[in-house]
Amino acid sequence: MATWDTYINVDFKDMPAEQERVAIIRDLTPNKYKYRSTYAQVKISKDATKYPEQLWIRLGRGQLVPTPCSMEIVELKSVIPAGL
């Protein structure tokens, strides 16, 4: 199980859950690649045990939401379009 964080621009209570969305997630797992950012399509649940990955939510100015969420990475995206 990896630990990630992401930023959201809406109030946490208004964040839609269980929907696929594209997000920039940052790896917090202590290893050689800590703080590596990834662009991915994810499903986020406010239930901390629903999906295999742990996700910490940060609000627009960096405030950490005190309870973790869970996340499933559906697809890793490439920021640079194929063929360039």
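This section describes the fold, strand pairing, nonpolar core and selected residues of a predicted model.

The protein contains five strands and zero helices, and its elements follow the order β-β-β-β-β from the N terminus. The radius of gyration is 13 Å, close to the 12 Å that the globule rule gives for 84 residues, so the protein is as compact as a globular protein of that length. Along the principal axes, the C-alpha atoms occupy a box of roughly 40 × 30 × 25 Å. Buried residues make up 32% of the 84 residues of the protein. When contacts between residues at least 6 apart in sequence are considered, 51% of them join residues at least 24 apart.

Strand S4 (residues 53-58) takes part in two of the pairings described here. With strand S1 (residues 3-7), S4 pairs in the parallel sense, over five bridges; within these two strands, tryptophan 4 stands opposite leucine 55. With strand S5 (residues 69-76), S4 runs antiparallel, and three bridges join the two. Glutamine 54 of S4 has serine 70 of S5 opposite to it.

The largest nonpolar core comprises 15 residues, and Phe12, Val42 and Ile57 have the most contacts inside it. At least two residues of this core are supplied by each of S2 (20-27), S3, S4 and S5. The largest share, three residues, comes from S3. In soluble globular proteins, nonpolar side chains tend to be buried together.

Phenylalanine 12, one of the core residues with the most contacts, touches Lys46, Ile57, Leu59, Val65 and Cys69 when residues up to four places away in sequence are not counted. Ile57, which is among these partners, is likewise listed among the core residues with the most contacts. The contact with Lys46 has a defined geometry: lysine 46 lies over the face of phenylalanine 12, at 4.9 Å from the ring centre. Aromatic pairs, by contrast, number zero in the structure.

Threonine 38 is located in strand S3 (residues 37-45). Its relative accessibility is 15%, below the 20% limit, and threonine 38 therefore counts as buried. Leaving aside residues up to four places away in sequence, threonine 38 touches Trp4, Ala23, Ile24, Ile25 and Leu76. Of these partners, Trp4 is the residue that stands opposite leucine 55 in S4, while Leu76 falls within the range of S5 (residues 69-76). Ala23, Ile24 and Ile25 fall within the range of S2 (20-27). Glutamine 19 is separated from threonine 38 by 19 residues in sequence and, C-alpha to C-alpha, by 19 Å in space.

Two loop residues were examined for their backbone conformation. Most residues other than glycine have a negative phi. Glutamate 18, in the loop between S1 and S2, has a positive phi, near 65°. The relative accessible area of glutamate 18 is 34%, and this residue is therefore partly exposed. Tyrosine 35, in the loop between S2 and S3, also has a positive phi, near 75°. With a relative accessibility of 48%, tyrosine 35 counts as partly exposed, because that class extends from 20% to 50%.

Notes
Residues are numbered from 1 along each chain as its sequence is written. This is a predicted model: local features need pLDDT of at least 70, side-chain atom pairs count only at pLDDT 80 or more; totals for chains, interfaces and linings use all residues. Side-chain values use heavy atoms; hydrogens and water are left out. Rings of Phe, Tyr and Trp (its six-membered ring) pair if their centres lie within 6.5 Å; planes under 30 degrees apart count as stacked, over 60 as edge-to-face and the rest as tilted. A charge sits over a ring if NZ of Lys or CZ of Arg is within 6 Å of the ring centre and within 35 degrees of the ring normal. Helices (H or I, at least four residues) and strands (E, at least two) are DSSP runs, numbered from the N terminus. Buried means under 20% relative accessible area, exposed over 50%, partly exposed in between (1.4 Å probe, protein chains only). Contact means heavy atoms within 4.5 Å. Two strands pair if DSSP finds at least two bridges between them. A nonpolar core is a set of buried Ala, Val, Leu, Ile, Met, Phe, Trp, Tyr and Cys residues joined through side-chain atoms within 4.5 Å. The radius of gyration is taken over C-alpha atoms; the globule rule is 2.2 Å times the number of residues to the power 0.38.
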